[in-house]
Amino acid sequence: MYVYSKFARPLFGIAAIAMLLLSATLARAVDFLDGDLQLHGFFSLTLVNTSNNNFFGPSDDQISNEFSEVGVNASWRLTPDVQLSGQLLSHRAGGTDDGQVRLDYGLLDWTTASSEDGRSGVRVGRIKTAYGLYNKTRDVPFTRPSIILPQSIYFERTRNLTVSADGAEIYLERYDEAGSLSASFALGQPQTNSESATVALVGVNPPGHLDAKLAPDFQVLYEGQGGKYRLGFTALHVDLRYKPGYADRLGAGRFRLTPLIFSAQYNAENWSLTGEYASRRISVKDFGPFFYNGDALGESYYLQATYRLAPKWEALLRYDVYYADKGDRNGEDFAAATRMPGFTRYAKDWTAGVRFDVTPQFMLRAEVHQVDGTGFLAVQDNPNPQDLHRYWDSFMLLGSFRF
C-alpha cells in the first residue's frame with residue numbers, strides 16, 4: 001500500500017479551516033417567518049493524493065485541493081400545501097468542474113392530497129433526479145456515507161447529466177403498519193450545457209455539443225420498521241444527440257443509456273449494510289469511423305458496511321465494481337478495436353474510511369482506496385490514456401461544515 005507521508009502538513013490546513021468554520025456566527029439554520037422560511041448551507045474541502053493517475057486534479061504523487069463544495073439552500077412554505085425550495089452550488093472537481101456557481105435545484109412543491117395514510121403531489125422546476133439511494137442528497141457531505149459515493153453507480157465524471165433535470169415530477173407516499181411506500185415519476189431535460197458532460201462522452205476539446213431529449217425517471221422505495229429495511233428500484237432513460245462542430249471528425253452520433261438500479265439497505269442500532277446493483281444498456285451509434293460505436297450491457301454493484309464505533313466515530317468498508325461492458329469485462333475486445341488499455345473499461349475499488357463528528361456542525365473524514373482499473377477516472381484529469389496505470393491507490397481527507 002502506498003505511503004501517504006505527505007499528508008502531515010495538509011492536516012494543519014484542515015485544522016485551520018476547522019477553527020475558522022467553528023468560529024463562524026452561523027452555527028445553526030437561519031429561520032424566518034416563524035420557521036416558514038429556512039436557510040441552510042455547507043462548505044467542504046477535500047485533499048486528494050494518489051500513487052498513480054490523477055483524481056480530482058493533479059493528485060499523482062502530490063496533493064490536490066481541487067475537490068470542494070459550497071452550497072446555500074432555502075425553503076419557503078407559502079401555504080400548508082405549497083413550498084418553494086432551491087439551492088445554489090459551487091462544485092469544484094478537478095478538470096470536470098470549475099466551481100462556477102449554478103442553480104443545483106429550484107422547484108415548487110405542491111401537495112395535492114394529504115392524510116394520515118400518506119400524501120401525493122407534484123414538483124415543477126429544476127428537480128433532483130431520483131437515482132439510487134443517494135443521488136438526491138449527494139451534494140451535502142453530511143448526507144453521504146463516504147467522501148465520494150460508489151463510483152460504479154454515482155459517477156463524478158458524468159455527474160451533471162444525472163444530478164438534476166428541468167421538468168416536472170409527480171410523487172405518491174403511503175404509510176401503514178407494514179411500513180412506507182413511495183413512488184415518483186419525472187420527465188425532465190438533463191443538463192448538457194456544460195463542457196464536462198460532452199468531454200466525458202466524446203473526448204477532450206470537442207468542437208460540437210450535446211442535446212438531450214426529455215428523460216423519464218421512475219423510482220419506487222419501500223421502508224419497513226421505521227427505516228430498518230429499505231428496498232428500492234430506479235429506472236432512467238437518457239437519449240443524447242451529438243451536434244458536430246466545424247471541422248469535426250465525429251458524425252452526428254447518438255448516445256442512449258438506460259440504467260436499472262436495484263437498492264437494498266439494512267439499518268441496525270450501530271451498523272448498516274447497503275448494496276446496489278445496476279444494469280446499464282448502452283447504445284452508441286453514427287459517430288463515424290473515428291469513434292467506438294456499438295451496443296453494450298454495462299454492469300455495476302457495490303456492497304458497503306458502516307459501523308458506529310462511538311457516538312462521534314463511524315467506520316466504513318466497501319467493495320465497488322464497475323464494468324463498462326458485461327460481455328467484455330476485462331476490456332480485451334475494446335483494446336483490440338481502439339488500441340487503448342483494456343483496464344479503462346472497468347474498476348474494482350476497495351475502500352476503507354472513518355468519520356469523526358467534531359461537533360454537530362463540523363465533520364472530518366479520512367478515506368483510503370485501492371483500485372484495479374481506471375473505468376471511473378475523468379479524461380480531463382488524464383488526457384492521455386497510454387499514461388494511465390492499472391493499479392493505483394488514493395488517500396482523501398475531508399473537512400466539512402454546515403449551518
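User: In which loop does Asp328 lie?

Analyst: Asp328 sits in the loop between strand S16 (313-323) and helix H4 (332-338). Please keep in mind throughout that this is a predicted model.

User: How should one read the surroundings of this residue, and which side chain of opposite charge is nearest to Asp328?

Analyst: The general idea is to look for a partner of opposite charge and compare its distance with the cut-off, which for a salt bridge is 4 Å between a side-chain nitrogen of Lys or Arg and a carboxyl oxygen of Asp or Glu. In this case the nearest such side chain is that of Arg345, 5.4 Å away, and Asp328 is buried yet has no salt bridge. The side chain of Asp328 does reach the backbone nitrogen of Asp333, at 3.2 Å.

User: How many salt bridges does a search of the whole structure find?

Analyst: The search finds 19 salt bridges. One of them joins Asp104 and Lys128, whose closest N and O atoms are 3.1 Å apart. This pair links distant parts of the chain, with Asp104 in strand S5 (residues 102-115) and Lys128 in strand S6, 24 residues apart.

User: Are Asp104 and Lys128 buried or exposed?

Analyst: Burial is read from the relative accessible area, with buried meaning under 20%. Asp104 has a value of 5% and is therefore buried; Lys128, at 7%, is buried as well.

User: What do the salt bridges of Arg126 and Asp139 look like?

Analyst: Arg126 pairs with Asp166, the closest N and O atoms being 2.7 Å apart. Because Arg126 lies in strand S6 and Asp166 in strand S7, the pair ties together parts that are 40 residues apart in sequence. Arg126 is buried at 16% relative accessible area, whereas Asp166 counts as partly exposed at 34%.
The side chains of Asp139 and Arg159 meet in a salt bridge at 2.5 Å, N to O. Asp139 belongs to the loop between S6 and H2 and Arg159 to helix H2, 20 residues apart. Asp139 counts as buried at 3% relative accessibility, and Arg159 counts as buried at 3%.

User: Which residues are linked in a network of salt bridges?

Analyst: Asp104, Lys128, Asp139 and Arg159 are linked in such a network.

User: How is empty space located, and how many cavities of 30 Å³ or more does the structure hold?

Analyst: Rolling a probe the size of a water molecule over the atoms shows where empty space is left. Here there are 6 cavities of 30 Å³ or more. The largest cavity has a volume of about 140 Å³ and is lined by 18 residues, of which Thr129, Ala165, Gly188, Ala215 and Asp217 lie nearest its centre. The largest share of that lining, 5 residues, comes from S7. By class, the lining of the largest cavity has 10 nonpolar, 5 polar and 3 charged residues.

User: What is the volume of the second largest cavity, and which residues line it?

Analyst: The second largest cavity holds about 70 Å³. Among the residues that line it are Phe55, Phe56, Glu156, Arg157 and Asp381. Its lining divides into 6 nonpolar, 1 polar and 3 charged residues.

User: What volume does the second largest pocket have?

Analyst: The volume of the second largest pocket is about 920 Å³. Of its 43 lining residues, Leu133, Tyr134, Glu223, Arg230 and Gln265 are the closest to its centre. S8 gives the most to this lining, with 5 residues. The residues lining the second largest pocket comprise 16 nonpolar, 15 polar and 12 charged.

Notes: Residues numbered from 1 in each chain as written. Predicted model: local features only at pLDDT ≥ 70, side-chain atom pairs only at ≥ 80, totals over all residues. Heavy atoms only, no water. 1 Å grid on protein atoms, 1.4 Å probe; cavity = no way out; pocket = protein on both sides within 12 Å on 5 of 7 lines; lining within 4 Å. Points joined across faces, edges and corners; volume = space filled by probe spheres on them. Helix = DSSP H or I, 4+ residues; strand = E, 2+ residues; numbered from the N terminus. Nonpolar A, V, L, I, M, F, W, Y, C, P; charged D, E, K, R; others polar. Buried < 20%, exposed > 50% of the residue type's maximum accessible area, 1.4 Å probe, protein only. Lys, Arg positive; Asp, Glu negative; His and termini not counted. Polar contact = N/O pair within 3.5 Å; in protein donor to acceptor, adjacent residues only side chain to side chain.
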